[in-house]
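Colleague: I would like to go through the reasoning behind the labels assigned to this model. Please set each value against its criterion.

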Amino acid sequence: MPPWNPILGHLYFCYKITLKLPTDAHPQYLPGMARRELPDLGPVFYLDTWPIGPQMLIVASTESLYQTTQEHSLPKHPGLRYFIRPIADGVDLVTMEGHLWKRWRGIFNPGFSAAYLMSLTRGIAEETEQFCRNLQKLAENQTLFRVKDLTDNLTMDIIGRIVMNVRLGSQIQSNPLVDGLRMQIKWCIFGADQNPFKRYNPMRPIVHWYNSRRMNQYVTRTIDSRFAELTSGQEGHPEHASKSIIDLVLTAYLSEKPSKDKLRDMDTTFKRFTMNQIKLFLFSGSDTTSSTMCYIFYILATKPEVRVQVRAEHDSVFGSETSKTAPLIMADPTVLNRLPYTIAVIKEVLRMYPPVSGARIGEPDFSIVDAATGQRFPTQDFLVWDVVQGIHRDPTYWPRPDDFVPERWLALAPGDPLRPIKGAYRPFSQGPRNCIAQELVMMELKVYMALTTRQFDITLGYEDLDQAAAAANKSKDIIRTVGGERGYQVARAQPEGDLPCYVKARVCDA
């Protein structure tokens with residue numbers, strides 16, 4: 001454990017570390033820097049940040065995470081439930097436990113299988129084509145823009161197509177469901193904020209009620225419409241055909257009903273739970289994937305050798321005419337599986353910039369055992385923090401952990417030092433509570449790279465922003481990098497400044 005003070009706990013220790021970080025750096029940097037500050041500190045240790053924050057048990061080894069996620073899956077932390085409740089009304093796959101979670105995970109699992117998602121690739125490609133058209137307009141204007149603004153809209157539109165078979169159109173216009181969700185997220189808190197004006201803001205319940213009403217009305221109309229089509233038999237006509245995930249879920253629901261009940265109204269509990277999972281998918285599936293898309297651009301802009309190899313692979317698989325890439329993907333989605341280097345780049349981006357970490361609550365009589373020392377760490381009443389980045393940047397598991405090395409994902413020979421160690425790669429967690437949408441995420445990212453990498457050149461805009469900031473405040477002491485990286489992770493794990501960029505269209509077609 002780091003040096004502890006009976007009055008300040010670990011607050012002063014954490015303060016000294018944060019002085020070396022930008023003020024907006026993501027908290028997940030702190031455990032890793034603590035271990036570098038104290039080389040003898042193991043991968044499992046307590047961190048006492050009371051009263052500023054919770055008392056935590058940091059978990060950053062494959063063996064210890066196996067204990068908390070697979071051997072004995074600890075429940076999610078109440079703060080996470082508090083944050084998500086205004087979005088999913090307290091019934092969501094992230095924070096559900098026990099039999100209820102198993103039932104609803106089983107209901108949605110088929111819709112997120114790799115085989116089923118292949119049938120939905122057209123929707124992903126069409127929405128990504130709109131993203132490319134938006135990039136083209138920005139290229140013509142040559143103005144600085146923030147990539148995450150665009151990728152947020154792209155991922156929202158993809159989730160809308162995949163889950164509900166609805167064209168949300170947020171890339172080209174305002175949408176009440178998307179607007180309501182984004183406003184809701186801005187007003188969500190974890191319930192332990194130290195600022196009393198934020199924690200007890202009397203406007204929050206009113207804002208949450210209003211946005212919930214907007215979102216629920218939109219999603220309910222979509223569910224009712226699809227349910228009416230299914231029960232009326234209209235789904236047999238080509239114009240009504242749908243392969244969305246909600247279509248699959250409703251079909252399974254109707255198949256369990258006796259024929260005499262099929263034409264009745266949907267069970268209200270089933271409808272409520274389904275509606276809330278849809279909102280959850282929009283929230284969790286869009287924000288995390290959007291951040292990863294930003295980091296793909298970040299890498300392609302800063303690693304020219306990677307960019308060259310990706311483009312060469314795409315030329316060899318899709319041909320040199322970039323305008324034919326989307327039609328080829330729509331006609332044969334399996335072509336996306338013939339991109340080993342592209343997939344390696346995606347995995348390496350997720351390793352270096354994981355979009356999430358895990359927060360669980362300890363239980364009585366359950367201790368984590370440090371495999372190296374045998375020391376037991378009681379978990380009761382502690383926030384058990386699964387620090388994914390801590391493992392992903394640990395030299396114990398990864399040679400050259402701070403270097404971008406896609407080749408490690410192509411190292412399949414036993415004994416190859418680059419070959420990833422089992423259990424060390426956890427961007428989607430592991431065990432029964434792993435991310436249900438990981439296959440969808442990988443498909444989105446493959447399509448995204450296939451349609452953008454050869455069409456556009458990306459140039460980072462940090463230098464221009466830094467120069468403008470320096471001219472405005474004359475400060476020379478502001479820390480703007482983490483480990484030499486200007487695009488360090490902030491807030492919800494996106495690049496600082498939402499990745500300011502310039503884009504230039506390339507002339508690629510033969």
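**Reasoning behind the labels**

Modeller: Arg226 counts as buried, at 8% relative accessibility. The model is a predicted one.

Colleague: Why is Arg226 called buried?

Modeller: The label requires a relative accessible area under 20%. Arg226 has 8%, so the label buried applies.

Colleague: What makes the contact of Glu229 with Arg226 a salt bridge?

Modeller: The criterion is a side-chain nitrogen of Lys or Arg within 4 Å of a carboxyl oxygen of Asp or Glu. The side chains of Glu229 and Arg226 meet at 2.5 Å, N to O, and therefore satisfy it. Glu229 and Arg226 are 3 residues apart in helix α11, which means that about one helical turn separates them.

Colleague: Why is His208, also placed in helix α11 (residues 204-232), called buried?

Modeller: The relative accessible area of His208 is 13%. Buried means under 20%, so His208 receives that label. Not counting residues up to four places away in sequence, His208 touches Pro86, Gln184, Trp187 and Cys188.

Colleague: How do you know that Asp394 and Arg35 form a salt bridge?

Modeller: The closest N and O atoms of Asp394 and Arg35 are 3.2 Å apart. The limit is 4 Å, so the pair qualifies. This pair links distant parts of the chain, 359 residues apart: Asp394 lies in the loop between α17 (388-392) and α18 (438-452), and Arg35 in helix α2 (residues 29-37). Asp394 is itself buried, at 7% relative accessibility.

Colleague: What labels do Asp466 and Arg480 receive for accessibility?

Modeller: Asp466 has 18% relative accessibility and counts as buried, because the limit for that label is under 20%. Arg480 has a relative accessible area of 24% and is partly exposed, because that label covers values between the limits of 20% and 50%. Asp466 forms a salt bridge with Arg480, with the closest N and O atoms 3.8 Å apart. The two residues are 14 residues apart, Asp466 in helix α19 (residues 462-473) and Arg480 in the loop between α19 and β9 (489-490).

Colleague: How many salt bridges does a search of the whole structure find?

Modeller: The search finds 29 salt bridges. Salt bridges that share partners join Arg122, Glu126, Glu127, Arg161 and Arg167 into one network.

Colleague: Why is Gly483 called exposed?

Modeller: Gly483 has 82% relative accessibility. Exposed means over 50%, so the label follows. The place of Gly483 is in the loop between α19 and β9.

Colleague: Turning to the rings, how many aromatic pairs does the structure hold, and why is the pair of Phe108 and Phe281 called edge-to-face?

Modeller: The structure holds 20 aromatic pairs. The ring centres of Phe108 and Phe281 are 5.2 Å apart, with their planes at 75°. Centres within 6.5 Å make a pair, and planes over 60 degrees apart make it edge-to-face, so both conditions are met. Phe108 belongs to helix α5 (residues 98-108) and Phe281 to helix α13 (residues 268-302), 173 residues apart. Both Phe108 and Phe281 are buried. They also belong to one aromatic cluster, whose members include Trp104, Phe112 and Tyr253.

Colleague: What makes the charged end of Arg351 sit over the ring of Trp398 by distance?

Modeller: The distance from the ring centre is 5.3 Å, and the criterion asks for a value within 6 Å. Likewise, the charged end of Arg393 sits over the ring of Tyr353, 5.8 Å from its centre.

Notes:
Residues are numbered from 1 along each chain as its sequence is written. This is a predicted model: local features need pLDDT of at least 70, side-chain atom pairs count only at pLDDT 80 or more; totals for chains, interfaces and linings use all residues. Side-chain values use heavy atoms; hydrogens and water are left out. Buried means under 20% relative accessible area, exposed over 50%, partly exposed in between (1.4 Å probe, protein chains only). Contact means heavy atoms within 4.5 Å. Rings of Phe, Tyr and Trp (its six-membered ring) pair if their centres lie within 6.5 Å; planes under 30 degrees apart count as stacked, over 60 as edge-to-face and the rest as tilted. Helices (H or I, at least four residues) and strands (E, at least two) are DSSP runs, numbered from the N terminus. A charge sits over a ring if NZ of Lys or CZ of Arg is within 6 Å of the ring centre and within 35 degrees of the ring normal.
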